[in-house]
Amino acid sequence: MLRIETYDDVIQFSLQRKFLHYLVAQVNAFLVDGLLVDTGPAFLGKEMLSACQKYHLQQIVNTHHHEDHIGNNALLQREFSLPIRAHREALPVIRQPRENLDMSLQRRLLWGQPVMAKARRIGNVLRTPRYLFRVLPTPGHSPDHICLYEEKKGWLFVGDLMVEGHAKLFFPVANQQLLLESLKKVALLTPSVIFCASNGVILDGYRFLQKKIEFWERKLAASSIWEKKEAMELNYAQEHNKRRTISL
Ligand SMILES: [Zn+2]
């Protein structure tokens with residue numbers, strides 16, 4: 001199922017997988033001034049193609065290599081002759097997903113298998129007829145993750161930087177410390193509106209980001225306390241064993 005909503009100049013495509021009327025997974029792609037940010041999963045190719053035919057698409061950017069973001073690259077590229085750009089590390093997967101994308105059966109059944117598309121490395125900025133986007137490397141969710149920032153509007157397209165819901169189960173954060181650093185980096189821009197693959201349009205973007213940062217700071221602090229406690233217990237056990245050996 002595909003739902004279309006709009007905010008200002010931005011069109012949101014909500015791509016949903018349902019099972020027995022229950023929503024099992026959802027991801028959002030966005031179209032702004034001819035630029036399509038992510039293409040959704042292959043399973044919803046027919047719906048995505050039909051939705052895109054209503055608009056004038058000029059280029060595609062993939063925020064990262066996961067199959068729910070690159071799934072219709074080939075289909076849309078073939079239909080509209082679009083260039084695709086992404087982070088250097090995402091290119092091997094986009095160009096040869098069968099060989100380079102390690103998908104579980106569950107993910108394959110949920111989203112479908114992307115097919116080969118042509119793509120090139122994205123630069124530091126990206127232009128559309130009316131907007132200028134800064135390209136920000138934001139690793140953490142995946143090493144090849146990028147965000148796009150339009151300064152005049154205060155718009156930040158975050159892909160899966162703030163992934164939530166079902167997607168968290170299928171795509172665990174690759175590096176939590178890097179994710180926190182990436183969140184802090186984009187927060188410095190004080191974005192006003194965030195366009196998120198999980199949460200859609202977030203109008204109070206900066207506050208939402210702060211909450212995410214606080215969440216990850218607490219989580220990482222707790223895990224570091226836990227690691228220290230485990231190390232102390234291990235040390236104690238080793239010392240205890242030594243004492244027992246001596247007393248024998
Ligand atoms: Zn992802």
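Trainee: How many of the residues of strand β10 are buried?

Mentor: This is a predicted model, so let's read it as one. Strand β10 covers residues 146-150 and is mostly covered. The count of buried residues there is four of five.

Trainee: Which residue in β10 is the bridge partner of Arg 134?

Mentor: Start with the strands: β9 (residues 132-137) and β10 run antiparallel, joined by five bridges. Follow Arg 134 across to β10 and you land on its bridge partner, Tyr 149.

Trainee: And on the β11 side, which residue is the bridge partner of Tyr 149?

Mentor: β10 is joined to strand β11 (residues 155-159) by three bridges, and these two run antiparallel. They make a hairpin with four residues between the strands, where Gly 154 has a positive phi near 75°. Over in β11, Tyr 149 has as its bridge partner Leu 156.

Trainee: What is the order of the strands in the open sheet of six?

Mentor: The pairing in this sheet is mixed. Its edge strands are β8 (125-127) and β13 (200-202), each of which pairs on one side only. From one strand to the next the twist averages 25°. Reading across, the order is β8-β9-β10-β11-β12-β13.

Trainee: Which residue in β13 stands opposite Ile 194?

Mentor: Look at β13 and strand β12 (residues 193-196), which pair in the antiparallel sense over three bridges. Opposite Ile 194, in β13, stands Ile 202.

Trainee: Why does Val 186 count as buried?

Mentor: Val 186 sits in helix α8, residues 176-187. A residue needs 20 or more other C-beta atoms within 10 Å to be called buried. Val 186 counts as buried because its number of C-beta neighbours inside 10 Å is 23.

Trainee: How many Å apart in space are Val 186 and Leu 136, C-alpha to C-alpha?

Mentor: Leaving out residues up to four places away in sequence, Val 186 touches Leu 136, Thr 138, Cys 147, Leu 156, Pro 191 and Leu 209. In sequence, Val 186 and Leu 136 are 50 residues apart. In space, C-alpha to C-alpha, the separation is 8.1 Å.

Trainee: Now the other sheet. Which are the edge strands of the open sheet of seven?

Mentor: The order is β1-β2-β3-β4-β5-β6-β7, with mixed pairing. An edge strand here pairs on one side only. That describes β1 and β7 (120-121).

Trainee: Which residue in the turn between β1 and β2 has a positive phi?

Mentor: β1 (residues 2-7) and β2 (residues 10-19) pair in the antiparallel sense over six bridges, with Leu 2 opposite Leu 15 in β2. The two strands form a hairpin with two residues between them. The residue with the positive phi, about 55°, is Asp 8.

Trainee: In the hairpin of β2 and β3, which residue takes a positive phi?

Mentor: β2 pairs with strand β3 (residues 22-32) in the antiparallel sense, over ten bridges. One of the bridge partnerships is that of Phe 13 with Ala 29 in β3. This hairpin has two residues between the strands, and the positive phi, near 50°, belongs to Leu 20.

Trainee: Which residue in β5 is the bridge partner of Val 37?

Mentor: Strand β4 (residues 35-37) and strand β5 (residues 59-61) run parallel, with three bridges joining them. Val 37 has as its bridge partner in β5 Val 61.

Trainee: At what angle do α1 and α3 pack?

Mentor: Helix α1 (residues 45-52) and helix α3 (residues 73-80) have their axes 10 Å apart. The crossing is right-handed, and the contact is made by Gly 45, Leu 49 and Cys 52 of α1 with Leu 75, Leu 76 and Glu 79 of α3. By class, that contact has four nonpolar, one polar and one charged residues. The packing angle is about 35°.

Trainee: Which strands does α1 lie across?

Mentor: Besides packing on α3, α1 runs at about 35° to β1. The strands that α1 lies across are β1 and β2.

Trainee: Last one: what percentage of the residues of the protein count as buried?

Mentor: The protein has nine helices and 13 strands. Among contacts between residues at least 6 apart in sequence, 62% join residues at least 24 apart. Of the 248 residues, the buried portion is 36%.

Methods: Residues are numbered from 1 along each chain as its sequence is written. This is a predicted model: local features need pLDDT of at least 70, side-chain atom pairs count only at pLDDT 80 or more; totals for chains, interfaces and linings use all residues. Two strands pair if DSSP finds at least two bridges between them. Axes are lines fitted to C-alpha atoms, for helices over the stretch in contact, and angles run from 0 to 180 degrees between N-to-C directions. A crossing is left-handed if the near helix is turned anticlockwise from the far one by less than a right angle, and right-handed if clockwise. Two residues are in contact if their C-beta atoms, placed from the backbone, lie within 7 Å. Ala, Val, Leu, Ile, Met, Phe, Trp, Tyr, Cys and Pro count as nonpolar, Asp, Glu, Lys and Arg as charged, and the others, Gly among them, as polar. A residue is buried if 20 or more other C-beta atoms lie within 10 Å of its own, exposed if 12 or fewer, and partly exposed in between; C-beta atoms are placed from the backbone.
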